[in-house]
Amino acid sequence: MGQVVLVTGAARQLGGRFVRRIQRDPGVDRVIAVDAVAPGHQLGDAVFVRADIRQPAIARVLAEHAVDTVVHLDVSGKALGAQGRTAVKETNVIGTMQLLGACQKAPAVQRMVIKSSTGVYGSAPRDPAVFHETTSPKSLPGAGFAKDAVEVEGYVRGFARRRPDVAVCVLRFANILGPEADSPLADYLSLPVLPTVFGYDPRLQFVHEDDVIDVLGIAAREPRRGTLNSGTFNIAGDGVLLLSQCARRLGRPTMPLLLPAVTWVGQALSAVGMTDFSPEQIRLLTHGRVVSTVQMRETLGFRPRFTTAETFAEFAHSRGPGLLPPEAVGRAVDRVAAMPFAGGTGGAPEVTGAGGDAQPTPSAR
């Protein structure tokens, strides 16, 4: 008998892709896809169970199908369909609590994978250049999805103490991008003009959605020889990009604003439904965030196929041309940077070294 894998969040694009992918694993016997709403995409031969993880019924699903592996992907920063922020938070936090409670009472459960975010480190002016898995944030997130992720990880640690026999893997993903990316940051980068915080050029890391599916597969099965897929891991593509570089590659002009004005613009954009310009996203677009991926490579044994720059290139290609031709903008920036009054520095270099431990270009503050 192979693994019986339960996947939450199957109605979301990422969850649906993973459900279809994990079915091809020869070590998997059955896949149980769970969500509170019916998915708009195919799930292959998976058994779809319409269940709200915020309700005790999830315990019956675990017992009826003798689930031994749980992959919890229903932790998200963006509402699904007509959901509001309150429903998203309840699913992230209350849903995780209910799911962990059910898993604690299910003796068949032997492995659990949790989708988290590098947002748990926050974004603050005195942050270290690179966050490691053991680094404590200077300022804990006070609201939004990042705070949800902090609470979720707290409940997961409690579960791991109560069920030491269960292999628990927490994956802290950097900003997920790709052709089908669906996140508040992807919505922001799709705006025709990008509002930015005056005087700041944050460093950003991305992970490709294909790499997300690959690493989830590694975490959900028995570890390969010489690796360990239990614990907490940062997941990101090599290198970093500055926000200004992202804007040029998209061909989208930026609109530098003082911080209070950015907040007002964000509230206006949220009100009309264009993007969720939350306070946590404004902090990210002010101070940026870079994480180390040494443990991802050396312990988990995962090497992303896409760098941060390659991930962003795929995303930019899927969004089509912006208002400004990227090639022309790049040439103009290079010419200005080479002028004597500009210091002849040639602009900010890109960092494409292995992981997040190469010394990245600091944000302009």
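A salt bridge is a side-chain nitrogen of Lys or Arg within 4 Å of a carboxyl oxygen of Asp or Glu. In this predicted model, the side chains of Arg-111 and Glu-222 meet that description, with an N to O distance of 3.6 Å. The protein chain has 365 residues, of which 51% are buried, and it contains twelve helices and 13 strands.

**Overall fold**
- Of the contacts between residues at least 6 apart in sequence, 80% join residues at least 24 apart.
- The exposed area of the protein chain is about 15900 Å², and carbon and sulfur atoms supply 56% of it.

**Salt bridges**
- The structure holds 16 salt bridges.
- Arg-111 in strand β5 and Glu-222 in the loop between α6 and β11 are 111 residues apart, so their salt bridge links distant parts of the chain. Arg-111 counts as buried at 6% relative accessibility, whereas Glu-222 counts as exposed at 59%.
- Asp-74 and Arg-12 pair through their side chains at 3.8 Å, N to O. This pair also links distant parts of the chain: Asp-74 sits in the loop between β4 and α3, Arg-12 in the loop between β1 and α1, and 62 residues separate them. Asp-74 is buried, with 9% relative accessibility, and Arg-12 is buried, with a relative accessible area of 14%.
- Asp-165 and Arg-163 form a salt bridge at 2.9 Å, N to O. Asp-165 is partly exposed at 42% relative accessibility, while Arg-163 is buried at 8%.
- A network of salt bridges links Arg-21, Asp-211, Asp-214 and Arg-305.

**Nonpolar cores**
- In soluble globular proteins, nonpolar side chains tend to be buried together.
- The largest nonpolar core here has 31 residues, and Phe-18, Val-71, Leu-171, Leu-216 and Ile-235 have the most contacts inside it. At least two residues of this core come from each of β1 (3-8), α1 (13-22), β2 (28-35), β6 (167-173), α6 (209-220) and β11 (231-235). Helix α6 gives the largest share, seven residues.
- Another core, of 28 residues, lies apart from it and includes Val-4, Val-49, Val-75 and Cys-103.
- Leaving out residues up to four places away in sequence, Ile-235 touches Leu-171, Arg-172, Phe-173, Ala-174, Val-207, Val-215, Met-296, Leu-300 and Phe-302.

**Cysteines and helix α7**
- The count of disulfides is zero. Cys-169 is buried at 1% relative accessibility, and Cys-246 is buried with a relative accessible area of 0%.
- In helix α7 (residues 243-250), the buried residues are Leu-243, Gln-245, Cys-246, Ala-247 and Leu-250. Gly-251, just after α7, takes a positive phi of about 75°.

**Surface and loops**
- Ile-94, Met-97 and Tyr-155 make a nonpolar surface patch of about 250 Å². Ile-94 is placed in helix α3 (residues 85-104) and is partly exposed, with a relative accessible area of 41%.
- Ala-66, in the loop between α2 (57-64) and β4 (69-72), has a positive phi near 50° although it is a residue other than glycine. Ala-66 counts as partly exposed at 40% relative accessibility.
- Ala-143 is in the loop between β5 (111-117) and α4 (144-162) and is partly exposed, with a relative accessible area of 37%. Ala-143 and Glu-280 are 137 residues apart in sequence, yet their C-alpha atoms are 7.2 Å apart in space.

Technical notes:
Residues numbered from 1 in each chain as written. Predicted model: local features only at pLDDT ≥ 70, side-chain atom pairs only at ≥ 80, totals over all residues. Heavy atoms only, no water. Patch = residues over 30% accessible without salt bridge, like charges linked within 9 Å, V, L, I, M, F, W, Y side chains within 5 Å. Areas by Shrake-Rupley, 256 points an atom, 1.4 Å probe, with all protein chains shown as cover. Helix = DSSP H or I, 4+ residues; strand = E, 2+ residues; numbered from the N terminus. Buried < 20%, exposed > 50% of the residue type's maximum accessible area, 1.4 Å probe, protein only. Disulfide = S-S within 2.5 Å. Core = buried A, V, L, I, M, F, W, Y, C linked by side-chain atoms within 4.5 Å. Contact = heavy atoms within 4.5 Å.
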